[in-house]
Amino acid sequence: MSATQARTRTRTEAGPGTRRRPSSGILPTAVLLIGAAYCLLPVYWLISAATKRPDELFSTFSLAPSFNGGFLDNLVGLSQYAGGAFWQWCLNSVIYAGGGAVAATAVAALAGFALAKYEFPGKRLVFGYLLVGVLVPGVIVAIPQYLLLSQLGLAGTRWSILLPAMISPFSIYLTRVFTAGAVSDEVIESARLDGAREFRLFRSVALPMMVPGLITVFLLQFVGIWNNFLLPFIMVTRSDMMPLTVGFYSMMNQGSDQTNVYSFVIMGCLLAVVPLIALFLFLQRYWRLDLISGSLKG
Amino acid sequence: MTGRREIAARRQLVPYAFLAPALILATALLTIPIGYAVWRSLHATRITGGGLGVAEEVFVGFANYARVLGRADLLPSFGRLAGFAAIFVPTAMLLALVFALLLDNASSRLTRFSRISIFVPYAVPGVIAALMWGFMYLPGVSPFHDAAAALGLPQPDFLGHSGIIASIANIAIWGAVGFNMVILYTALRGLPSELYDAARIDGCSEWQLALRIKVPLVVPGLILTGMFTVIGALQVFSEPNTMVTLSTAIGSDWVPMMVVYRDAFITNDLYGASALAVIITVVTLAASFLLLGIAQRRAFGSEGRS
Amino acid sequence: MSTRRTRLGALAGVLSASALVLAGCSGSPTDDGPVVLEYWSWAPNIEQVVAVWNEANPDIQVEVNTAVAGAEITAKLLAAAEAGNLPDVSNTTYDNLPTLIINDIAADVSDVMGDRESETAGPAWDLTTFGGSNYAVPQGTSPQMLFYRTDVFAAHGLEAPTTWDEYAQAARTIHAADPDTYLATFPANDAQLFAALSQQAGAQWWSQDGDAWSVDIADDASGQVADYWQGLVEEGVVATMKTYTPEWQAALADGTLVSWLGAVWTPPLIEQNAPETAGLWQAVALPQWTPEAPAAGVMGGSGTIVTTQSAHPDEAREFALWLNTSDEALEAYIQYANIWPAALSGREFDGLGEPPTFLANQPDFYELAAQIDEYTVEVTWGPNVAAGFDTFNNAFSDAIANGTSFRDALDVVETAVVTDLETLGYTIE
């Protein structure tokens, strides 16, 4: 399959060195560094603003960090805000993103495997049916989902965020594409001849080969849920059910009614963003985005 | 014999069993909700009884659709969406392509640092991105205002009517470039290096190489990321919604999704909101199928492979 | 509607049993434990008031949720009603109460309120009583006041304005002296303020005659207010930033804004937003159009509803009544949130002889509130205030941005409100 071929030809991480020439790279390097600065500037601003006491936030130069104990004050203030709500939101985000992504990946693994490795009546129809889901923006189904889950009495519970996160048509599509290449038909046939039952065959033979791709699917879905705002914003009203995104929004929007919280919001954003960036850097080698760029050809 | 036939019959059911969770979830969480939205869109509450009265649900046919489409604030919100998309989609795509090509350029230095830095915003939720940029736009906190003052330039107006669409597009661009760049970069690295050697021997400069050879070869990747970007643009909600508290220029009807949210949850018109959600779904589906059709013809056609 | 609810309710029962595992047990009593009431409020320091109740009532514990901002509480109540997970008790502003009644969220609380008319301030009673039934326990009324920075006024040789002409003159003087300083902002996002200012001028935006409603948002009184502010905005002597935003907060704190058209509940909000300015503020009656016949609009004010979905309606009523009429609660409320109680007994407190901590320099603060209460106009809120206020925000934002007529914006609001009422099925006069 072409996706496999593309991957086998892919140069490895050390690759560029092989064709690097000693030519002047000042212009391209400068442009890239400008891009990097553009992307890092808000993060730097966040770090700097998080060090400021509330009264310094609007009165000192924005990019100059402050060392008057504001950082610690904000940290303590944020921790104590509304009875430790911030830590509850962190936990909720982990539950929603972790649980939702695990479930979505499991569902995608099963469905993707079936679509990639079996011929059966109605296959095109099933694939098409699932694929339309890629095209319907999640934002738009959020309100119908809310209406329906309301009728079932589930809106406002953790299920109302977890359930919609469990189905990701794009994950299924991606899994189908890379499974077609990653799991060879011969291996499956020989396992069948050895008498393996179909589910065992999936679990013991196919799944190990699919793992690298499934990690990427998991990460994509994890980030998607972690960053989602509208769905949880619509679904939950109680503070102890909110993920970080909705929590910050609610904090930001009650600056008028409750104590001055902008400094806490900023500190919270920092605490929420840094671990995720760290996680990314750590998991970098598991990112197989060539799956996506290869997927269109599959 | 019967045993083997049973096994064969069971094996026929296997793919359906594997697909069952996906089909059940897709039906329960995508198809049925949309169906339910259609049902709601054909109903409305009407007041019965005197005085304040009590609201009751009745069938109203297409009245909600007529009402929603006839509203004065709908067209401007689509207009702003178009303006946003017109800035966001090309800029995000162009920057992603340029950065990907530069990363792949043999003479670039510090590529690992740049690649990771540009990818960082992908890990930042749109709400937090909007808060960060929102504060950076805010007179009094903005480093740009400080910089403009230091240089004696007029103060930029990020949050006013003239600048707000570009300001919000900037937040979205910031969040989208890294992901698209990495996909395109991965696609570039999937290309065989022999292609370049021949071109180099022919005296192609790195720029010519990029424009004449690399770009045409990553067209499928461009179409894919382009489609994600367009769909992302149509969904824009959390950035402007978060910015409402910061800018006078953003009303509750700024983009169509905000109108849907406003109708559903602020002005308590779930029925009108359902009608509008159905309309947007249909429009998005039509646009996506159109894009996908073009993409398939380009990608599958030119590649000529399975 | 009810049959659909019931059928789906059976299904919901099955599903929600499993959902409870994850959902925790909001509001549901454990076998022997205390009844737990969920209460939504946005009032500053409300936790302290609730703590007084919880200590005295070990069997009825109240969990207060302040995650929903005052401006969003109606939206969130409507959403929760749809989802069937309303809190037991909630605060609401008077203007949103009709919306909550027609959507079957606010329960009839006549059995605890019905006999309290003589003990309740008249305007608060009227705002919570519909068709002879009480739908909320009124918490307070909110006499409109002007808060201003005494130091800045003194520096410019200004007195507190008593008429709108003087107010405009003060705006010009202050801005002329320092182009970075404004007397006030005209906030496009604060329909409540504009409504109150219009009421002061004599407007009745909604009124009810029998079963028919009439809407007069673009009447002469409101138009007069619109023209007045449009003039100040065009002169550039007032700012146009939205209220309750970081920019506005910074402006209060750093002296860009030197007054606030607020109400009795304003002091703790200034304190939170601009703590450094303590001691520099003074509250006075609102400037008047006709000083010989003073008037004030209804600027907020809120009551406590018991929801129709409460599993403990009796306990919820008991708490709602206690919260707004008992001596302990009102004393705590006055201390922490500067309310002006609707319960007449609450107005006799010694605590009201003391000014709010933030206005320590103004011993007659509550006396002033009582005076203003005397001439606060009677107001009827319609059943679609949220839709009207939302349109107001958008229409006035556009008008300010494009420099178009504020009167035209009022026309837009009136048309939207009428259309919405007609869509809902009301008769319009």
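1. A helpful starting point: two strands count as paired here if DSSP finds at least two bridges between them. Please keep in mind as you read that this is a predicted model. With that in hand, look at strand E9 of chain C, residues 206-209, which runs antiparallel to E10(C) and is joined to E10(C) by 4 bridges.

2. Stay with this hairpin for a moment. There are 2 residues between the strands E9(C) and E10(C), and Gly210(C) in the hairpin has a positive phi near 65 degrees. Asp209(C) lies opposite Ala212(C), a residue of E10(C).

3. Which side chains of strand E10(C) are buried, and which are not? The side chains alternate along residues 212-215 of chain C: Trp213(C) and Val215(C) point to one face and are buried. Ala212(C) and Ser214(C) point to the other face and are not buried.

4. E10(C) also pairs with strand E15 of chain C, residues 427-428; here the two strands run parallel and are joined by 2 bridges. Trp213(C), one of the buried residues of E10(C), has Ile428(C) in E15(C) as its bridge partner. As general background, the strands of a sheet pair through backbone hydrogen bonds, either parallel or antiparallel.

5. Next, please turn to another part of chain C, where an open sheet of 3 strands has the order E11-E8-E12 with antiparallel pairing. Strand E11 (259-263) and strand E12 (281-285) of chain C are at the edges and have a single partner strand each, so one side of each is left without a neighbour in the sheet. On average, neighbouring strands of this sheet are turned by 30 degrees against each other, direction ignored.

6. Within that sheet, 5 bridges link strand E8 (residues 144-149) of chain C with E12(C) in the antiparallel sense. Arg149(C), for example, has Trp281(C) in E12(C) as its bridge partner.

7. What packs on this sheet? Helix H12 of chain C, residues 266-273, does, touching E8, E11 and E12 of chain C, and its direction makes about 140 degrees with that of E11(C). Helix H15 of chain C, residues 365-374, also packs on the sheet, touching E8 and E12 of chain C, with its direction at about 25 degrees to that of E12(C).

8. Finally, a look at where two chains meet: 30 residues of chain B are in contact with 36 residues of chain C. On the chain B side, strand E1 (43-48), strand E2 (54-59) and helix H12 (256-266) each supply at least two residues. The largest share, 4 residues, comes from E2(B). By type, the residues on this side of chain B divide into 11 nonpolar, 12 polar and 7 charged.

Conventions
Residues are numbered from 1 along each chain as its sequence is written. Chains are lettered from A and ligands numbered from 1 in the order in which they are written. This is a predicted model: local features need pLDDT of at least 70, side-chain atom pairs count only at pLDDT 80 or more; totals for chains, interfaces and linings use all residues. A residue is buried if 20 or more other C-beta atoms lie within 10 Å of its own, exposed if 12 or fewer, and partly exposed in between; C-beta atoms are placed from the backbone. Two residues are in contact if their C-beta atoms, placed from the backbone, lie within 7 Å. Ala, Val, Leu, Ile, Met, Phe, Trp, Tyr, Cys and Pro count as nonpolar, Asp, Glu, Lys and Arg as charged, and the others, Gly among them, as polar. Axes are lines fitted to C-alpha atoms, for helices over the stretch in contact, and angles run from 0 to 180 degrees between N-to-C directions.
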